[in-house]
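Biologist: I'm new to this one. Can you pull it up and walk me through it?

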Amino acid sequence: MQQRIEETNGYLEAIRQKLDPKNYSKLSTIKIPTVHQFVLESINLCNPEKIFVSDDSPEDVAYIRRKAIETGEEKPLAVPNHTVHFDGVYDQGRDREATKYLVPKGDHLSKALNQIDRDVGLAEVKSLLKDSMKGRTMIVRFVCLGPLNSVFTILGVQCTDSWYVAHSEYLLFRPGYEAFTKAHPTAQFLRVLHSCGRLNESMISVDHDKKRVYIDYTDGVIYSVNTQYAGNSVGFKKLAFRLAIRKANQEGWLAEHMMIMGVRGPNGRKTYFAGAFPSACGKTSTAMLPGETILGDDIAYIRNINSVARAANAECGIFGILQGINQKDDPLLYKVLTNPAEVIFSNVLVKDGKPYWLGMDCELPKDGINYTGYWWKGKTDENGEPIPPAHKNARYTISLKALENCDPELDNPLGVELDGIIYGGRDSKAYVPVQQSFNWEHGIICYGAALETETTFAIIGKENMPEINMMSIQDFISIPLGQNIRNNLNFGRKLVKQPIIFGVNYFLRDSTTGEYLNSPRDKHVWIKWMELRVHSDVSAIVTPTGLIPKYEDLHVLFRQVLNKEYRKEDYSKQFTIRVSENLDKIERVEKFYREKVLDTPEELFAALNQQRERLIEAKEKFKMNYIPPEYFAEENSLK
Ligand code: SPV
Ligand code: MN
């Protein structure tokens, strides 16, 4: 104890030389020596001219907002409280190549994960961070992931030289300063050190070839440098998520890339679902379906509380994709994006103080300012390719509470009881639009672990490449992949009441014309069907890949939810079981887990094998490769 106090004094004493009395006082109110140590080491490494410690007071929040504009990291737009931020041309998404785990000697991560020797990586990233804040201010911010004062709470501290990053965090995370001041000196917390690196006159990071995002899971620290894109720089989003997955693994809970929503059923009933979808596969748009409530759109913590699965949102805001958002399909979000609630737009087209994005259902201006600077229709990049007016991955950052349909349980320290879990990929060929698993194990393995998707613009690199994205956390997982499957299997086995697992696929295409078989709005019908299934209000048809809806039930729901006449032939096409495509999928999944994952549980191969056998049996029985849903029998009776 004596030694710890001396150490505390040592760090604080050294910090005192570098901070003005006001900022020093904010920091010294916190009694956690490791906080002081982290701040001091960050100062010593990055060498900022000034240090600003935010205590989350309204003045501090307003100051951060003002500085973001004063420095030019954000520009005000015509609507009050709206700003725009631009990221560099090479910094428009999460950067898989630049993002690596620091692996200490003797430790092994799955081959599928990008990694580097810890000593080598630390030396590299620290050399890039050296003096990176010279002449600038380092902002120290405290956040709370999950509701405050809750079993879900994880504390975090970030040192960054970006006012935009600090501002975004106010919208995205619950304030953590007060919790830090009350925490025990030995409290555990996550740490993020970020620097934009060298900036050009437009305040954009220029050294993109030296972009590095390194995750030191040994010490719970994230280093991010020469990048501004929020997915790489707002450390508490996807980067801390990786550390949360590790913590969850050690402590027996689940940290998931999932939205959480309340779905209304008959007689005022509300049922909570969590849903995992890879980036840009419909996660946020599902969570925001009109008439339902949104509790989270990206990261869910799920715990076993009294043998029931309960979920909380790690965040309290949204960093969402703008492409395709319009007044007709997204009325509530559109309202927030056009009214004076606080919004940070990024990588949109700006003309006369108004933001524009792709698919917003209005004519876009012929010129303006975008992520490439001044833009005009016909502007091309260095390869002669036309530059779109706004980037596909243009985003908005808002607080969830700005939305009228924000769920009232957002800050409930006990989270909400989960009745359903959804896995959704981007699969043009095999899986039907919605199906229910036979049981927990089948759902975890055949929908979760087998989740495949085609790559999208949310990640830098080639689009439309099929790949396995286990439970949609492949990009974020920092524990052996097989272990993650085992954790999920075990989590369910300890529950008295297991959530029902569903698989959805919004991207199924016609096998001959290549056209999508569903409209984006159909997902609302699927979710209402899932809600009814959770309560055993409708029966289902048993197919080799899962339980699918009956035509009659969907017909009613299409009428109720979308006021649309649902045609039998559309149902038949959408819910036809495509045997060879499903067998190919099983092959790919099996190959991935045999070749890339060393610790795959045998149960995974067994469950895939059973699915294969069911498919082959059906093919032989009906003597066809495409089996329409009418060929399969209804489950015997309601559960
Ligand atoms: C995603 O891409 O999954 C996002 C945005 O939610 S990012 O912060 O980039 O991860
Ligand atoms: Mn996400």
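**Around ligand 1**

Modeller: Ligand 1 is surrounded by Arg 94, Tyr 229, Gly 231, Lys 237, Lys 238, His 257, Ser 279, Asp 298, Phe 319 and Arg 395, each with a heavy atom within 4 Å of it. This is a predicted model, where local features need pLDDT of at least 70, side-chain atom pairs count only at pLDDT 80 or more, and totals for chains, interfaces and linings use all residues. Residues are numbered from 1 along each chain as written, chains are lettered from A and ligands numbered from 1 in written order, and side-chain values use heavy atoms, leaving out hydrogens and water.

Biologist: How far is an oxygen atom of ligand 1 from an N or O atom in the side chain of Ser 279?

Modeller: That distance is 2.5 Å. For the side chain of Arg 94, an oxygen of ligand 1 is 2.7 Å from an N or O atom. The protein buries 96% of the 280 Å² that ligand 1 exposes when taken alone (Shrake-Rupley method, 1.4 Å probe).

Biologist: Now the metal. Which protein donors does the manganese ion have?

Modeller: Lys 238 (NZ), His 257 (NE2) and Asp 298 (OD) are the protein donors of manganese ligand 2, at 2.1 to 2.2 Å. Donors are N, O and S atoms within 2.8 Å of the metal (3.2 Å for Na, K and Ca); water is not among the atoms, so sites may look incomplete.

Biologist: What spacing do the donors follow along the chain?

Modeller: The spacing is K-x18-H-x40-D.

Biologist: Are Lys 238 and His 257 buried or exposed?

Modeller: Both Lys 238 and His 257 are buried, meaning under 20% relative accessible area, with exposed over 50% and partly exposed in between (1.4 Å probe, protein chains only).

Key: Polar contact = N/O pair within 3.5 Å; in protein donor to acceptor, adjacent residues only side chain to side chain.
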